[in-house]
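The exercises below ask you to read a protein model step by step. Try each task with the sequence and the structure in view before you go on to its solution.

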Amino acid sequence: MANATENRRAIALMLLAMACYVANDALIKLAAPHCTAGQILALRGMCASAIVLAIAWPARALPAWRTGLRPMVGVRVLLEVTTALTSVLALARIPLATVTALMMAAPLIITTLSMASGLEPRRMGRVLATALGFGGVLMVLQPAAQSGDPGSAAGLLFAL
């Protein structure tokens, strides 16, 4: 079990990660009127690659390049590109709060699909918590106010 110092360090790192995530979304929202989605994705990819290399290189944590040739890595890359593209499109077209609410629905969607497929047990507490979570997302989204907006469809695809 982790001690108090490790827990505080983990909390601080999680807060830093979430602050970076929010800053990234805000910067994309600001850049979207002036840049194409491809330009935003290219810049974001270069910055992320530089950060990962700066951390992984000294730690000798870079895997052998042949690891990237496995088919499942290609599937993962395709899903990551789809997620990045739909997030940029959603951020360009709908309010930041809506995109954030849709993003927060992703764990609820995963939980629901896991219970529906039998991969996770259906316990009353989990079902109730998931339903309440979806209720909270719906309160933020107010779906009737945004029906028919293509940005909302991109945001939903982003969450999925």
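## Exercise 1: Two salt bridges

Arg-76 and Glu-80 are four residues apart in helix α3, so about one helical turn separates them. Helices here (H or I, at least four residues) and strands (E, at least two) are DSSP runs, numbered from the N terminus. This is a predicted model, in which local features need pLDDT of at least 70 and side-chain atom pairs count only at pLDDT 80 or more, while totals for chains, interfaces and linings use all residues. Residues are numbered from 1 along each chain as its sequence is written, and side-chain values use heavy atoms, with hydrogens and water left out.

Task: state how many salt bridges the structure holds, and describe the exposure of Arg-76 and of Glu-80.

Solution. Begin with the principle that side chains of opposite charge can pair when their charged atoms come close. A salt bridge is a side-chain nitrogen of Lys or Arg within 4 Å of a carboxyl oxygen of Asp or Glu, and the structure holds two of them.

Next, take the pair in helix α3: the side chains of Arg-76 and Glu-80 form a salt bridge, at 3.2 Å from N to O. To judge exposure, use the relative accessible area, where buried means under 20%, exposed over 50% and partly exposed in between (1.4 Å probe, protein chains only). Arg-76 counts as exposed because its relative accessibility is 55%, whereas Glu-80, at 42%, is partly exposed.

Finally, turn to the salt bridge between Arg-126 and Glu-120, whose closest N and O atoms are 3.0 Å apart. Arg-126 has a relative accessibility of 28% and so counts as partly exposed, and Glu-120, with 37%, is also partly exposed.

## Exercise 2: How α4 meets α5

Task: find how helix α4 is oriented relative to helix α5, and which residues of α4 and α5 meet.

Solution. First, locate the helices: α4 covers residues 96-117 and α5 covers residues 124-141, and the two pack at an angle of about 155° with their axes 9 Å apart. That angle makes α4 roughly antiparallel to α5. The axes are lines fitted to C-alpha atoms, for helices over the stretch in contact, and the angles run from 0 to 180 degrees between N-to-C directions. Angles under 35 degrees count as roughly parallel, over 145 as roughly antiparallel, 65 to 115 as roughly perpendicular and the rest as oblique.

Then look at the residues, taking contact to mean heavy atoms within 4.5 Å. On the α4 side, the residues that meet α5 include Ala-101, Leu-108 and Met-115, and on the α5 side they include Arg-126, Thr-130 and Val-137. By class, the contact of α4 with α5 has twelve nonpolar, five polar and one charged residues. Here Ala, Val, Leu, Ile, Met, Phe, Trp, Tyr, Cys and Pro count as nonpolar, Asp, Glu, Lys and Arg as charged, and the others, Gly among them, as polar.

Last, examine Thr-130, which lies in helix α5. Thr-130 is buried, with a relative accessible area of 7%, and, leaving out residues up to four places away in sequence, Thr-130 touches Leu-108, Thr-111, Thr-112 and Met-115.

## Exercise 3: How α1 meets α3

Task: find how α1 and α3 are oriented to each other, and name the residues of α1 and α3 that make the contact.

Solution. Helix α1 and helix α3 (residues 71-93) pack at an angle of about 60°, and their axes are 8 Å apart. The two helices are therefore oblique to each other. From α1 the contact uses Asp-25, Ile-28 and Lys-29, and from α3 it uses Val-88, Leu-91 and Ala-92. Sorted by class, the contact of α1 with α3 has four nonpolar, no polar and two charged residues.

## Exercise 4: Comparing Tyr-21 and Ser-87

Task: decide whether Tyr-21 and Ser-87 are buried, partly exposed or exposed, and list what each touches.

Solution. Tyr-21 is found in helix α1, which covers residues 4-31, and Tyr-21 is partly exposed at 30% relative accessible area. Ser-87 lies in helix α3 and, at 4% relative accessibility, counts as buried. Not counting residues up to four places away in sequence, Tyr-21 touches Met-103 and Phe-158, while Ser-87 touches Arg-44 and Phe-158.
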